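Me: I am new to this structure and would like a close look at its aromatic rings, and then at the surroundings of its ligands. Please explain each term as you come to it, and take the reading slowly.

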Amino acid sequence: MSVRSKSSEPSEAPHRAGFACFVGRPNAGKSTLTNALVGQKVAITANQPQTTRHTVRGIVHREDAQLILVDTPGLHKPRTLLGERLNDVVRTTWAEVDVIGFCLPANEKLGPGDRFIAKELASIKKTPKIAIVTKTDLVDSKTLAEQLIAIDQLGKELGFEWAEIVPVSAVGDKQVGLLADLIVPLLPEGPALYPEGDLTDEPEQVMIAELIREAALEGVRDELPHSIAVVVEEMLPREDRPADKPLLDIHAFVYIERPSQKGIIIGPKGKRLKDVGIKSRKQIEALLGTPVFLDLHVKVAKDWQRDPRQLRKLGF
Ligand SMILES: Nc1nc2c(ncn2[C@@H]2O[C@H](COP(=O)(O)OP(=O)(O)OP(=O)(O)O)[C@@H](O)[C@H]2O)c(=O)[nH]1
Ligand SMILES: [Mg+2]
């Protein structure tokens with residue numbers, strides 16, 4: 001029995017706690033939806049495929065339940081060792097959760113990538129699957145209705161029923177709360193698994209590296225987004241600072257794959273890198289609640305996405 005259930009209502013539902021993962025093609029809106037449900041940014045997002053590179057847990061605290069969302073990398077046809085590793089992470093995750101949320105953008109017709117994922121999901125018989133139509137703010141009601149029908153049909157073709165089909169807009173804050181209401185009854189009964197107030201279990205150092213990567217991703221195109229990796233090397237309180245004026249020194253490396261990419265990341269007279277620093281520093285300061293001096297260095301890790309040794313070094 002939960003310690004947080006209200007005793008005033010006699011016919012109260014039992015407290016539930018469990019895991020739901022969001023899966024889908026890259027760029028489907030999984031991380032944006034995770035953040036909207038948690039009410040704070042726990043996962044970085046970008047208008048490019050393959051932004052998320054590890055599972056990110058976001059925790060939703062409610063009176064009646066604790067819902068742990070597991071945001072996963074977009075499932076795609078891998079072209080590199082990194083891609084293969086990311087897909088493995090997704091498959092391991094969906095085998096472990098209580099509910100699977102399959103995200104399909106409202107503004108893109110179902111494609112081979114979606115069918116491929118749905119087929120794999122069909123083989124996970126025991127786990128309830130919710131189809132989540134994302135980005136509904138981008139389409140009219142007719143397009144949305146067609147998408148809902150197509151998704152229902154897809155389930156039937158593959159021999160299973162969706163537990164729910166829910167249209168949402170994370171950006172427009174439409175039906176996000178309803179989605180949580182629909183997931184909660186599918187979770188097992190049990191007490192909260194994370195302390196009250198914890199919104200994620202991401203280590204601080206990882207979140208900081210991700211915020212820098214998010215800023216670095218903005219405005220870069222083609223292959224470059226995939227080539228960027230960020231590692232926080234060191235975080236140290238600046239010495240000789242008065243107690244009421246602390247400063248945290250953060251040293252981070254922005255890795256790219258080829259020397260030719262260096263110029264783009266750094267920009268003319270270093271302007272681009274400087275902007276990345278300013279933008280991410282603000283977010284890091286908000287996250288940590290302390291002033292930060294952010295020191296960014298660009299380094300080449302040759303073809304790291306394909307090199308097992310480099311991948312290990314970068315934490316994959
Ligand atoms: N208009 C609109 N855009 C959205 C919505 N949700 C996400 N987006 C945008 O879609 C893009 C991709 O969003 P992400 O949340 O990063 O997508 P993802 O599925 O996590 O992508 P990967 O991590 O690469 O698999 C971003 O530019 C988001 O701002 C939405 O509800 N409405
Ligand atoms: Mg993502």
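Reply: The structure holds four aromatic pairs, where rings of Phe, Tyr and Trp (its six-membered ring) are paired if their centres lie within 6.5 Å, and planes under 30 degrees apart count as stacked, over 60 as edge-to-face and the rest as tilted. One of them joins Phe 160 and Trp 162, an edge-to-face pair with 4.8 Å from centre to centre and 75° between the planes. Before going further, note that this is a predicted model, in which local features need pLDDT of at least 70 and side-chain atom pairs count only at pLDDT 80 or more, whereas totals for chains, interfaces and linings use all residues. Residues are numbered from 1 along each chain as its sequence is written, chains are lettered from A and ligands numbered from 1 in the order in which they are written, and side-chain values use heavy atoms, with hydrogens and water left out.

Both partners of this edge-to-face pair are buried, Phe 160 with a relative accessible area of 12% and Trp 162 with 7%; buried means under 20% relative accessible area, exposed means over 50%, and partly exposed lies in between, using a 1.4 Å probe and protein chains only. Phe 102 joins Phe 160 and Trp 162 in one aromatic cluster.

Another of the pairs is formed by Trp 304 and Phe 316, which are stacked, with 6.0 Å between the centres and 10° between the planes. This pair links distant parts of the chain, since Trp 304 belongs to the loop between strand 9 (292-300) and helix 10 (308-313) while Phe 316 belongs to the segment after helix 10, twelve residues apart. Helices (H or I, at least four residues) and strands (E, at least two) are DSSP runs, numbered from the N terminus. The two rings have unlike surroundings: Trp 304 is buried at 0% relative accessibility, whereas Phe 316 is partly exposed at 27%.

Aromatic rings also meet charged side chains here. The charged end of Arg 238 sits over the ring of Phe 293 at 5.5 Å from its centre, and Lys 299 lies over the face of Phe 253, 4.2 Å from the ring centre; a charge sits over a ring if NZ of Lys or CZ of Arg is within 6 Å of the ring centre and within 35 degrees of the ring normal.

The ligands can be taken next. Around ligand 1 there are 22 residues, of which Lys 30, Thr 32, Gln 50, Thr 51 and Asp 137 come nearest, a residue being near a molecule if one of its heavy atoms lies within 4 Å of it. Among the polar contacts, which are pairs of N or O atoms within 3.5 Å (within protein, one must be able to donate a hydrogen and the other to accept it, and residues adjacent in sequence count only if both atoms are side-chain atoms), the side chain of Ser 31 places an N or O atom 2.9 Å from an oxygen atom of ligand 1. Backbone N or O atoms take part as well, that of Ala 46 lying 3.3 Å from an oxygen atom of ligand 1 and that of Gln 50 lying 2.7 Å from an oxygen atom of ligand 1. Taken alone, ligand 1 exposes 660 Å², and the protein buries 89% of that; such accessible areas come from the Shrake-Rupley method with a 1.4 Å probe, and for residues only the protein chains shown count as cover.

Ser 31 appears again at the magnesium ion (ligand 2), whose protein donors are Ser 31 (OG) and Thr 52 (OG1), lying 2.0 to 2.1 Å from the ion. Ser 31 is in helix 1 (residues 30-38) and Thr 52 is in the loop between helix 1 and strand 2 (56-61), so the pair ties together parts that are 21 residues apart in sequence. Donors are N, O and S atoms within 2.8 Å of the metal (3.2 Å for Na, K and Ca), and water is not among the atoms, so sites may look incomplete. Ser 31 is buried, with a relative accessible area of 8%, and Thr 52 likewise counts as buried at 8%.

Two loop residues complete the picture. Gln 175, in the loop between strand 6 (164-167) and helix 5 (176-183), has a positive phi of about 65° although it is not a glycine, and Gln 175 is partly exposed at 36% relative accessible area. Asp 240, in the loop between strand 7 (229-237) and strand 8 (248-256), also has a positive phi of about 65° without being a glycine, and at 78% relative accessibility Asp 240 counts as exposed.
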